[in-house]
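Q: I'd like a close look at one part of this protein, with enough of the surroundings to place it. Here is the model I have in mind.

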Amino acid sequence: MEGKEEDVKLGANKFSERQPIGTSAQTDSKDYKEPPPAPLFEPGELSSWSFYRAGIAEFIATFLFLYISVLTVMGVAKSPTKCGTVGIQGIAWAFGGMIFALVYCTAGISGGHINPAVTFGLLLARKLSVTRAVFYMVMQCLGAICGAGVVKGFQGKNTFTSVGGGANVVAHGYTKGSGLGAEIVGTFVLVYTVFSATDAKRSARDSHVPILAPLPIGFAVFLVHLATIPITGTGINPARSLGAAIIYNKDHAWDDHWIFWVGPFIGAALAAAYHVIIIRAIPFKSRS
């Protein structure tokens, strides 16, 4: 889900890593050069059309994500009998399936973040500049607000409000600490999957194993929703939580809203640190 491609050249690794048993990776490897970190500030981006095109892509993707996902939540919530709806599994598929489709559509334009927590994690890993990260987050939040607003327009104010507006809150029987923990772990799973699925070195090493990066990312979103919908309704995306909260605009949604920013950002930071320090060991590599 990165916006920039990383160079991979054919050759032999000086220090080969352990490969899966029984695969051609043990004998056929590729040399990989670590790309330089993105600059913290890149003013030149502001004069590039591709920069604004990427922001528009993030806006549209997050708009569509909120529209489909919140509309699915509305359909389940307002039904008198859950047997006649897609249920929790259907909601999870709506979120995961939309992320799969939208990441696939926008990865080549903006990197397909569609989530401020993903953008924050990639920023910490120096995969993009602060300028681009802030722009992406603003566009994602605006897209989410518009998406939730369209759902409210279709459902009607009374129906939308009576069934919760798709807003994230900590469910009865759970503490705020439990909700925060669920958001941290859930976002860690998502952002860790993003790093793994888009790792250029892994793609070079395991080129004999075809993989479509949006697939594991969407599947991670699906699984996290299955686990945490009963706890928080599953945020793991501050833009999604903000868009629904603004359009719903009830006190109890705002009471818990901080959880859906603090939790995802902590989870994203932990995933970035785990990938960079433990998995890739980048701080311990000598740079030539």
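Is leucine 46 buried or exposed, or somewhere in between, and what is its relative accessible area? Please take me through the patch it belongs to, and then the rest of the fold.

A: Bear in mind that this is a predicted model. Leucine 46 is partly exposed, since its relative accessible area is 44% and the partly exposed class runs between 20% and 50%. As for where it sits, look in the loop between strand S2 (30-32) and helix H1 (49-77).

Leu46 also has company on the surface. Together with Trp49, Tyr52, Ile56, Ile60 and Leu64, Leu46 makes a nonpolar surface patch of about 570 Å². Residues need over 30% relative accessible area to be counted in a patch, and Leu46 has 44%.

Now step back to the whole chain. There are 11 helices and 2 strands, and from the N terminus the order is β-β-α-α-α-α-α-α-α-α-α-α-α. Of the 288 residues in the protein, 47% are buried.

Two other loops deserve a stop, both for their backbone. Most residues other than glycine have a negative phi. Arginine 126, which is not a glycine, has a positive phi of about 60°. You'll find Arg126 in the loop between helix H3 (116-124) and helix H4 (130-155), and with 32% relative accessibility it is partly exposed. Isoleucine 236 has a positive phi too, about 45°, and is not a glycine either. Ile236 lies in the loop between H8 and helix H9 (238-248). It counts as buried, because its relative accessibility is 3% and the buried class is anything under 20%.

From there, on to the inside. The structure holds 2 cavities of 30 Å³ or more, and the largest has a volume of about 90 Å³. Its lining is made of 14 residues, and Ile99, Asn115, Leu190, Val221 and Asn237 are the closest to the centre. Two elements give two or more residues to that lining, helix H2 (87-106) and helix H8 (214-232). H8 gives the most, with 3 residues. As for chemistry, the lining of the largest cavity has 9 nonpolar and 5 polar residues, and no charged ones.

So back to your starting point, because the class follows from the number: at 44%, Leu46 is partly exposed, and it is one of the residues of the nonpolar surface patch.

Methods: Residues are numbered from 1 along each chain as its sequence is written. This is a predicted model: local features need pLDDT of at least 70, side-chain atom pairs count only at pLDDT 80 or more; totals for chains, interfaces and linings use all residues. Side-chain values use heavy atoms; hydrogens and water are left out. On a 1 Å grid over the protein atoms alone, a cavity is a set of points where a 1.4 Å probe fits but cannot get out, and a pocket is an open set with protein on both sides within 12 Å along at least five of seven lines; lining residues have an atom within 4 Å of a point. Grid points are joined across faces, edges and corners, and a volume is the space filled by probe spheres set on the points. Helices (H or I, at least four residues) and strands (E, at least two) are DSSP runs, numbered from the N terminus. Ala, Val, Leu, Ile, Met, Phe, Trp, Tyr, Cys and Pro count as nonpolar, Asp, Glu, Lys and Arg as charged, and the others, Gly among them, as polar. Patches are made of residues with over 30% relative accessible area and no salt bridge: like charges are joined within 9 Å, nonpolar side chains (Val, Leu, Ile, Met, Phe, Trp, Tyr) within 5 Å. Accessible areas come from the Shrake-Rupley method with a 1.4 Å probe; for residues, only the protein chains shown count as cover. A salt bridge is a side-chain nitrogen of Lys or Arg within 4 Å of a carboxyl oxygen of Asp or Glu. Buried means under 20% relative accessible area, exposed over 50%, partly exposed in between (1.4 Å probe, protein chains only).
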